[in-house]
Amino acid sequence: MSDLDAQARDILRGNDKGGYTVPTHGLYPYQWNWDSVFAAWGFAVDDLPRAWAEIETLLAGQWDNGMVPHILFHQVDPSYFPGPDVWQGTGPVPSSGISQPPIAATFVRQIAALDAANGAAKMRALFPALLKWHRWFYQWRSEDGAIVVTHPWETGRDNSPDWDPPFAAIDPVGIDTYQRRDTGHVNQDERPRKYEYDRYLYLVKLGADSGWDERYLRQVTPFRVADPTMSFTLLRANRDLLAMAAELGEPTDEIATWIAAQEAGAQTLWNPDIAAYDTCDLRSGAFGGGVSSAAFLCWYAGIHDDRMLGHLERIMSAETYGIASYDPDHAAYEPKRYWRGPVWAMMNMLIAMGLHEAGHTAHADAIRANTARMITENGFAEYFDPRDGAPAGGRSFTWTAAVWLGWAS
Ligand code: DGY
């Protein structure tokens, strides 16, 4: 085992709280939805029971309406804000009131493929909760097959320039005074600005005050944005769910209908002005206007759209490390500030998985080699500066360690 493998395993063990894994201590002291799925993927390399436990704990937080929250607050920890008192989630475990990219069905299938003894039984046990979660997206968040988010935190790409236009239309009146905790853990130049936090909290308050009533929020929220992260991860997850249903002898028609609708819906995210997939603000009708790394999830979604290859090559060659989370040629690019430019290893893995499956193996291999070099030289940071790979955000980060073990190493 290499030193880096050993370090990555130590990070997973060190962040393991017993049945769930925190992304990193201090900055993110709870169970985050897609972070947890990546953690399971990392554990699966040598501890399949622990991998399954991670997914089971996540799905145990599912709400009656099917939503699986983006944060589960298993034990209150004052090092994080906003906590369960602000969110007022209504599920079986104290939680936030929004979801996150639904990558679980995809990785449940990947982990099952590694588990000859128990994989089929685990898939059977997890299938109903996954189906119910995907149905929630179709009930509340599908606009002609494009999947809509009601908070930037749902996409994981918290302060992407994609949210600048919809945020400009929000006046964050009525929020309580608050004290951020994130900037006590991480350099503030690597985090969202106060301008964004005010609007994050405005949207949380709107949701909490409504009791997280999706019907009401669909009418009133100023933030309803069709998003490639959600659309592409869900489309991919539905393909995996369909395969799972077929293997398990479950009905497939409903899932097949979702897939057909989403294949059509994905095309509504194509912004002809930049010739790329983009967010679309449903309140104003405007596209986001720039190329984010989420656009390159098209291949992962099974949309083999080679019109995106030129952007990928341009963005990969613009800086030493890729894939920049936002286009380095765009005026809003900030190479150290979270989702306005830095490289995220787990996005690289999802994008490269899709490229590989689409037959673009040279592109996939180049991304993997570049990611491996970035981690080897700079460690297991939350994200990295594309110019020189300088580590940024949290350290000893679960998903970077997991991606190393399961893919990059
Ligand atoms: C944060 O607190 O920065 C998280 O990204 C919210 O999910």
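Tutor: Lys and Arg count as positive and Asp and Glu as negative, while His and the chain ends are left uncounted; each charge is placed at NZ of Lys, CZ of Arg, CG of Asp or CD of Glu. This is a predicted model, in which local features need pLDDT of at least 70 and side-chain atom pairs pLDDT 80 or more, whereas totals for chains, interfaces and linings use all residues. Residues are numbered from 1 along each chain as its sequence is written, and side-chain values use heavy atoms, without hydrogens or water.

Student: How far apart are the mean positions of the positive and negative charges of the protein chain?

Tutor: The protein chain carries 33 positive and 52 negative charges. Their mean positions are separated by 2 Å.

Student: What radius of gyration does the protein chain have?

Tutor: The radius is taken over C-alpha atoms, and the globule rule is 2.2 Å times the number of residues to the power 0.38. For 409 residues a compact globule would come near 22 Å, and the chain agrees with this at 19 Å.

Student: Which side chain of opposite charge is nearest to Asp35?

Tutor: Asp35 sits in helix α2 (residues 33-43). Asp35 is buried (under 20% relative accessible area; exposed is over 50%, partly exposed in between; 1.4 Å probe, protein chains only),. It has no salt bridge (a side-chain nitrogen of Lys or Arg within 4 Å of a carboxyl oxygen of Asp or Glu),. The nearest candidate is 10 Å away: Arg191.

Student: Is Leu241 buried or exposed?

Tutor: Leu241 belongs to helix α11 (residues 228-248). Beyond four places in sequence, Leu241 has contacts (heavy atoms within 4.5 Å) with residues including Phe127, His134 and Trp258. Because its relative accessibility is 0%, Leu241 counts as buried.

Student: How many residues apart are Arg236 and Glu357?

Tutor: Arg236 and Glu357 form a salt bridge, with closest N and O atoms 2.8 Å apart. Arg236 is in helix α11 and Glu357 in helix α14 (residues 345-357), and the pair links distant parts of the chain. Arg236 counts as buried because its relative accessibility is 7%, while Glu357 is partly exposed at 45%. Their separation in sequence is 121 residues.

Student: Which helix holds Glu263, the salt-bridge partner of Arg239?

Tutor: The N to O distance between Glu263 and Arg239 is 2.9 Å. Glu263 is partly exposed at 35%, and Arg239 is also partly exposed, at 24%. The pair ties together parts 24 residues apart in sequence, because Arg239 lies in helix α11 and Glu263 in helix α12.

Note on methods. Helix = DSSP H or I, 4+ residues; strand = E, 2+ residues; numbered from the N terminus.
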